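Student: Please take one helix of this model and go through it closely. I would like to know which way its residues face and what lies against it.

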Amino acid sequence: MYQFGRVLTLTGDARETMAWAVDITGMVNDLTDLDVSLWGATFGYPVGTVAWSAIVEGRAQLAAETAKLTANNDYLDAVMKAQEWVNTPAEDIFRKVVHGGPGETPPAVGAVASVTQAVAATGKLPEAVAWATDMATHASSVTGVNVSLLLNAYTDFGGMAFISTVPDMAAADASADALAADASYMEKIGASAGLFVDGSAHQSLLQRLA
């Protein structure tokens, strides 16, 4: 099981850019068998950043579904409409789910996703994955929220991400407060010394828009 994501920063009138992002999400879901969700970055990315996410079985499924889009002129026209709002290319993400995974019920519009990313140090990937799996399990037990661990298939080798999703911002606060108050969690953070590239850790918060 893999997560495919596309991250894009849109500039201009948010009333137009966000409406376009919602519309093209609906178009992709209508034209393919993918279940794509749209997220807006709240913290950790430039203002105006959106991210599309879908769970796929693998590269073959993603390629087959993408082919349906590139063969559709209405979709291509919709993509071109966004060129006036884009200053930098979109970035595609492809990660393997190694622990946890999506729940049976997709998160509702308004749900909040916390994402923590880091890159394993050279020669430390097995140890870093073992530590991260243990950390995801512990964080889930402390917060009562499923924490998934995903490993990069592309971009930074050894890159990984913890992802947890809660219904709203109040729940995100409660989850963060529970972890901050847990002494074992803090000890486990300390035990990660030397396992990751210094400065590679990055945290972000996103909210589902469609």
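Tutor: What follows is a close look at helix α5, with a short note on the cores afterwards. The model is predicted. Helix α5 runs over residues 169–180, which makes 12 residues. From its first C-alpha to its last it reaches 16 Å, close to the 16 Å expected at 1.5 Å a residue. At the start of α5, the backbone nitrogen of Ala170 has a side-chain oxygen of Asp168 within 3.3 Å.

As for facing, the buried residues of α5 are Ala172, Ser175 and Leu179. Viewed down the helix axis, these buried residues fall within an arc of 65 degrees, so they line one face of α5. The spacing fits a general rule: an α-helix has 3.6 residues a turn, so residues three or four places apart point the same way. Ala170, Asp177 and Ala180 lie on the other side of α5 and are exposed. The cover over the buried residues of α5 includes two helices, α4 (125–143) and α6 (183–190), as well as the strands β5 (112–119) and β7.

Now the cores. The largest nonpolar core has 23 residues, and Trp20 and Trp52 have the most contacts inside it. Elements giving two or more residues to this core are β1 (2–9), α1 (14–31), β3 (49–56), α2 (59–70) and α3 (73–81). A second, separate core has 16 residues, among them Ala136, Met160, Tyr185 and Leu195.

How values were computed:
Residues are numbered from 1 along each chain as its sequence is written. This is a predicted model: local features need pLDDT of at least 70, side-chain atom pairs count only at pLDDT 80 or more; totals for chains, interfaces and linings use all residues. Side-chain values use heavy atoms; hydrogens and water are left out. A nonpolar core is a set of buried Ala, Val, Leu, Ile, Met, Phe, Trp, Tyr and Cys residues joined through side-chain atoms within 4.5 Å. Buried means under 20% relative accessible area, exposed over 50%, partly exposed in between (1.4 Å probe, protein chains only). Helices (H or I, at least four residues) and strands (E, at least two) are DSSP runs, numbered from the N terminus. The expected span of a helix is 1.5 Å times one less than its number of residues. The arc is that of the directions from the helix axis to the C-beta atoms. Contact means heavy atoms within 4.5 Å. A polar contact is a pair of N or O atoms within 3.5 Å; within protein, one must be able to donate a hydrogen and the other to accept it, and residues adjacent in sequence count only if both atoms are side-chain atoms.
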